[in-house]
Amino acid sequence: MKTILVIGNGMVGYKFCEKFIAQERKSEFNVIVFGEEPRVAYDRVHLSEYFENEDEEKLMLAPRSWYEENNITIYTNERVTDIHKVNKTITTLSEKTFSYDYLVLATGSTPFVPPIKGVDKKGVFVYRTIEDLEETMAFAKKIKGGKAAVLGGGLLGLEAAKAVKDMGLEPHVVEFAPRLMPRQLDDDGSAALESKMKELGITVHLNKATQQILGNGSIEGMEFLENEKLDVEMLIISAGIRPRDELAKTCNLEMGIRGGIVVDNTMRTSDPSIFAIGEVALYNQMIYGLVAPGYEMAQVAVDQILGNETKMSASIDMSTKLKLIGVDVASFGNPFATEEEAHAIVFENKLEGLYKRINVSKDGKTLLGGILVGDAGDYNMLLQLYQNKMALPENPEDLILGARGGEGTAMGNVMDLPDEAVVCSCESVTKGAICCSVIDDGNESVKSVAKVTKATTGCGGCKPMVADLVTESLKSLGKTIKVRICEHFDYSRQELYDIVKLREIKDYDELLDTVGNGNGCEVCKPATAAIFASVYNETANKQETIQDSNDRYLANIQRNGTYSVVPRVAGGEITPKQLMAMGRIAQKYDLYTKITGGQRIDMFGAKLHELPLIWEELIAEGFETGQAYGKSLRTVKSCVGSTWCRYGMDESVSFAIEIENRYKGIRSPHKMKGGVSGCIRECAEARCKDFGFIAVEGGWNVYVCGNGGANPKHAELFAEKVDKETAVKYVDRFLMYYIKTAPPLIRTAAWLEKLEGGITYLKNVVINDSLGIAEELDKEMQNYADTYKCEWKEAVETPEIRSRYTHFINSDETDSNIEYVDLRGQKMPKAWA
């Protein structure tokens with residue numbers, strides 16, 4: 001029996017073992033693994049999660065028993081100190097000697113600590129192991145509420161900044177380069193990400209060359225060029241990695257000039273019996289700091305040892321997608337293609353912090369790369385278009401703007417991908433393997449497919465696409481697709497809706513006890529809150545513990561911890577008396593005011609304890625809540641129509657007021673907007689709303705399923721030249737059908753795209769009553785309209801609800817830390833230093 005020694009029990013070392021035991025000839029080898037850390041391999045990609053739960057078992061890739069069960073001997077807390085190539089042995093720090101036939105170096109890397117004066121001071125940490133995190137957390141408790149900096153604005157540095165924020169410290173990111181994530185983002189992408197960081201309370205310092213760490217024994221600050229200083233009490237260094245290649249020096253393996261063990265495309269080092277994989281390996285003159293190349297290297301090493309001819313890919317895909325502090329960031333292909341190389345198509349929405357760029361070949365046929373910040377929902381499909389050199393739509397901008405004109409998605413269907421398309425790059429799992437696992441092997445869930453193919457078990461970024469492939473494969477077999485709302489309920493939203501209604505379940509706890517399990521989560525709680533609101537038309541006040549935070553306080557929390565106040569101004573019509581009342585109240589509470597795009601007036605800067613006081617006065621003046629915080633109807637925009645406009649063909653303002661008052665307060669899977677235009681000049685932009693009416697010769701045209709936002713969609717024509725009563729009836733039924741059947745947080749446009757049969761099917765249900773439910777839909781919508789309650793009126797008149805609006809639980813003190821600066825004669829939140 002031959003012996004394989006694996007030095008390093010990180011993610012790549014573990015992956016080598018996992019791939020090896022999957023081989024038929026595994027019994028011919030004795031595998032021994034050495035790890036320096038006291039525990040077995042864990043998931044460093046999701047290391048930040050340790051800050052949230054401090055549960056190391058949740059990070060473990062496999063329990064210690066897994067090694068025993070697979071006849072792998074593992075030594076933890078055992079550092080290998082020497083390799084002796086001639087006699088093929090290694091020596092450990094405890095002076096044990098082991099012989100090998102094959103040696104696999106998977107020693108990974110260490111954090112790079114720049115040679116900055118004072119970097120050894122107390123309070124300076126790196127971010128690599130669970131021990132590093134534990135030391136950092138212990139120190140953070142001592143400086144509770146203090147300032148902490150992260151040196152490095154790359155992927156890991158921003159994750160560390162999140163950890164600093166979660167520890168209750170004031171986070172600062174210090175980056176030498178002029179932009180964040182300089183290897184993945186261009187200047188505009190970095191600016192969008194920086195904007196998001198600021199919103200989340202993380203201050204970013206770019207172009208900062210740290211000269212020294214200040215302090216007497218412990219860190220007290222950082223000094224940059226030109227004597228600029230930043231006072232901090234803790235520093236986490238995340239300035240890159242350096243390969244752990246010191247063992248190679250003990251046996252004279254070939255090394256790179258700047259470190260790393262040189263390997264060829266078989267992962268062999270300069271000694272044919274020694275392999276190097278992962279971040280210690282220098283392949284094509286590069287060190288790859290991602291798990292996917294490391295996993296591929298592990299497979300190549302396994303195959304080479306077993307005599308197979310597998311070779312490493314000639315080029316390595318460095319595409320990346322991750323969620324940083326709740327912000328989607330992705331980069332793929334060549335994100336920095338020049339004007340000479342490609343046409344860059346850019347969509348930017350600074351208000352929402354969105355930045356999307358795709359680089360398309362000069363002939364418009366091939367996707368060369370791209371950047372996504374703020375919304376990376378299309379990443380997986382864009383990556384497939386790039387990797388497989390698939391044909392682009394006639395208008396490539398549709399890929400980031402969305403298909404317009406009711407033609408469906410520009411991305412195509414996941415089943416259009418070639419079978420050889422690699423869907424999970426971490427585990428090199430193809431679309432064909434996933435579909436075969438479903439169709440041929442009978443795996444009918446993402447979980448079972450993942451167990452067999454390993455897809456989704458790496459970074460997890462491919463999970464949405466794997467889910468789509470599982471769904472489409474099951475559909476091809478004619479099977480019913482089971483969609484669960486979350487792990488706590490084995491039902492879809494529509495099934496839960498029916499359960500609540502038919503069993504007359506009144507609250508979340510009763511629902512959980514009856515058909516759920518566990519304690520619930522942030523997915524099922526707000527989703528079921530919307531269901532209860534839809535079935536019983538109850539306000540968000542009744543079950544406040546299951547509401548989203550904005551619904552809980554009936555206001556949107558703003559970036560400085562204050563709240564917004566948005567009264568309903570139905571149809572955009574407001575009287576001079578109401579305008580003066582709003583002005584008086586805004587002036588009294590020193591609120592910032594702004595006319596919105598939805599024809600109403602936002603008032604910003606209200607402190608939590610002021611909300612009921614402000615609303616009490618607004619209600620006395622005849623206002624009611626505008627539900628700006630809820631997944632519900634926001635506004636129905638109108639033009640002035642025939643009342644004032646010489647082109648107007650009908651009375652659009654009165655119609656918009658009628659419609660807005662009819663649907664106000666209805667809870668829905670996503671926020672909704674409407675529009676009413678008095679003629680085809682479309683000044684109310686009704687065709688980019690969830691529902692819209694346009695006056696034409698002979699009646700009203702009805703449009704449905706449009707939206708603005710990050711992926712704008714034009715609404716589709718639903719009915720032509722119908723009278724007003726018919727138009728309202730159709731929209732009543734359309735909205736009720738959407739509310740009953742759409743998954744949580746799905747806009748009407750996305751819901752229609754997934755609806756089998758599309759707009760034709762929807763017309764048959766709503767207009768032709770193909771399901772025989774029209775009468776029920778009519779009654780339920782009328783019930784909503786008849787039982788509406790203003791949530792804020794309920795809140796200010798109910799002492800128990802009103803008592804929620806205090807900043808501190810045990811004190812009447814208010815928040816005294818909020819600071820403002822002047823902005824064109826009004827106040828705005830002071831920027832974080």
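Hi everyone, let's start with one residue: Glu 131 is partly exposed, with a relative accessible area of 23%. In this talk, buried means under 20% relative accessible area, exposed means over 50%, and partly exposed is in between, using a 1.4 Å probe and protein chains only.

A quick word on the model. It is predicted, so local features need a pLDDT of at least 70 and side-chain atom pairs count only at pLDDT 80 or more, while totals for chains, interfaces and linings use all residues. Residues are numbered from 1 along each chain as its sequence is written, and side-chain values use heavy atoms, with hydrogens and water left out.

Back to Glu 131. Which residue does the side chain of Glu 131 meet in a salt bridge? The partner is Arg 39, at 2.5 Å from N to O. A salt bridge here is a side-chain nitrogen of Lys or Arg within 4 Å of a carboxyl oxygen of Asp or Glu. This pair links distant parts of the chain, 92 residues apart: Glu 131 is in helix H4 (residues 130–142), and Arg 39 is in the loop between S2 and helix H2 (49–53). Helices (H or I, at least four residues) and strands (E, at least two) are DSSP runs, numbered from the N terminus. Unlike its partly exposed partner, Arg 39 is buried, at 13%.

The structure holds 43 salt bridges, and here is another. Asp 590 and Lys 827 meet through their side chains at 3.9 Å, N to O. They are 237 residues apart, with Asp 590 in the loop between helix H18 (576–588) and strand S29 (592–595), and Lys 827 in strand S37 (residues 826–829). Asp 590 is partly exposed, at 47%, whereas Lys 827 is buried, at 13%.

Now let's zoom out. The chain is divided into five domains: domain 1 (2–108 + 244–306), domain 2 (111–242), domain 3 (493–547), domain 4 (548–630 + 804–832) and domain 5 (635–797). These bounds come from an automatic or database domain assignment. Taken over C-alpha atoms, the centres of domain 2 and domain 5 are 49 Å apart.

Next, helix H1. How many of the 11 residues of helix H1 (residues 11–21) are buried? The count is 11 of 11, and among them are Lys 15, Glu 18 and Lys 19. Those three also belong to a network of salt bridges, together with Glu 427 and Lys 454. The cover over H1 includes strand S1 (2–7), strand S2 (29–34) and helix H8 (291–305).

Let's look at a strand, too. In a regular strand the side chains alternate between the two faces of the sheet. In strand S16 (residues 234–237), Met 234 and Ile 236 are on one side, Leu 235 and Ile 237 are on the other, and all are buried. S16 runs parallel to strand S9 (residues 124–126), joined by three bridges, and one of the partnerships is Val 126 with Ile 237. With strand S10 (residues 147–151), S16 also pairs in the parallel sense, over four bridges; there, Ala 148 partners Met 234. Two strands pair if DSSP finds at least two bridges between them.

My last stop is a group of cysteines. The unreviewed UniProt entry lists Cys 639, Cys 645, Cys 679 and Cys 683 for "binding site". They span 45 residues in sequence, yet no two of their C-alpha atoms are more than 10.7 Å apart, so they gather at one spot. UniProt positions are in the numbering used here, with feature names shortened, and annotations may be inferred rather than shown by experiment.

Is Cys 679 buried or exposed? At 8% relative accessibility, Cys 679 counts as buried, while Cys 645 is partly exposed at 29%. Beyond neighbours within four places in sequence, Cys 679 is in contact (heavy atoms within 4.5 Å) with Tyr 647, Met 649, Ile 694 and Ala 695. Cys 679 lies in the loop between strand S32 (672–677) and strand S33 (691–696). Glu 685 lies in the loop between S32 and S33 as well, and Lys 637 in strand S31 (residues 633–638), so their pairing ties together parts 48 residues apart in sequence. That pairing is a salt bridge, with the closest N and O atoms 2.8 Å apart.

Thanks for listening!
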